[in-house]
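Here is a report on one structure. It covers a loop residue, the disulfide, the strand pairing and the ring contacts.

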Amino acid sequence: QVQLVESGGGLVQAGGSLRLSCLASGSIFSINAMAWYRQAPGKQRELVAAITSGGNTNYADSVKGRFTISRDNAKNTVYLQMNSLKPSDTAVYYCNADVRPRPGYSTYNYWGQGTQVTVSS
């Protein structure tokens with residue numbers, strides 16, 4: 001019913017920048033919170049950044065001052081601008097969204113397929 005598609009991952013040198021995008025499509029009336037998570041090999045998935053429909057943001061301590069989350073509600077898209085990248089940022093990054101498919105319906109949570117970000121030293 002709803003699909004989240006990430007793009008923008010790749011291989012970057014330490015200190016470089018990368019911007020991830022996530023487009024939501026399908027049965028969408030509105031989207032509440034959107035977020036980026038990441039999972040490194042052998043590690044637990046962790047929240048990187050989140051943003052509400054009103055623009056309130058929250059970041060993991062490890063990325064504060066380096067990453068910026070933003071969204072374009074008209075395009076059902078969320079972005080993650082990543083600057084001053086470190087090798088420890090290497091992970092698969094996943095998009096997440098709470099979607100209301102119809103007026104008055106409850107919301108449902110969806111995940112993207114993930115995009116690989118690799119930062120070399």
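R102 is partly exposed, with a relative accessible area of 41%. Buried here means under 20% relative accessible area, exposed over 50%, and partly exposed in between (1.4 Å probe, protein chains only). R102 is placed in the loop between β9 and β10 (108-111). Strands such as these are DSSP runs (E, at least two residues), numbered from the N terminus. R102 lies 74 residues from I28 in sequence, yet the C-alpha to C-alpha distance is 6.8 Å. Leaving aside residues up to four places away in sequence, R102 touches S27 and F29. Contact means heavy atoms within 4.5 Å.

This is a predicted model: local features need pLDDT of at least 70, side-chain atom pairs count only at pLDDT 80 or more, and totals for chains, interfaces and linings use all residues. Residues are numbered from 1 along each chain as its sequence is written, and side-chain values use heavy atoms, with hydrogens and water left out.

**The disulfide**

How many disulfides does a search of the whole structure find? The search finds 1. A disulfide is counted as a pair of cysteine sulfur atoms within 2.5 Å. The bond joins C22 to C95, with S to S at 2.0 Å. C22 belongs to strand β3 (residues 18-26) and C95 to strand β9 (residues 91-100), so the pair ties together parts that are 73 residues apart in sequence. The torsion about the S-S bond of C22 and C95 is about -85 degrees, so this disulfide is left-handed. C22 is buried at 0% relative accessibility. C95 is buried as well, with a relative accessible area of 0%.

**The four-stranded sheet**

β3 also takes part in an open sheet of 4 strands. The order is β1-β3-β8-β7, with antiparallel pairing. Two strands pair if DSSP finds at least two bridges between them. β1 (2-7) and β7 (67-72) are the edge strands, and each pairs on one side only. On average, neighbouring strands of this sheet are turned by 15 degrees against each other, direction ignored. Axes for such angles are lines fitted to C-alpha atoms, and angles run from 0 to 180 degrees between N-to-C directions.

In β1 the side chains alternate. V2, L4 and E6 point to one face and are buried. Q3, V5 and S7 point to the other face and are not buried.

**Antiparallel pairs**

The table sets out strand pairs with their bridges. Each row gives an example of residues that stand opposite each other.

| Strand pair | Bridges | Example partners |
|---|---|---|
| β1 and β3 | 6 bridges | Q3 and S25 |
| β3 and β8 (residues 77-82) | 6 bridges | C22 and V78 |
| β4 (residues 30-39) and β5 (residues 46-51) | 5 bridges | W36 and A49 |
| β5 and β6 (residues 57-59) | 3 bridges | I51 and T57 |

β4 and β5 form a hairpin with 6 residues between them. In its turn, G42 has a positive phi of about 75 degrees. β5 and β6 form a hairpin with 5 residues between the strands. There, G55 takes a positive phi near 95 degrees.

**Ring contacts**

Which residue has its charged end over the ring of Y37? R45 does, 5.2 Å from the ring centre. A charge sits over a ring if NZ of Lys or CZ of Arg is within 6 Å of the ring centre and within 35 degrees of the ring normal.
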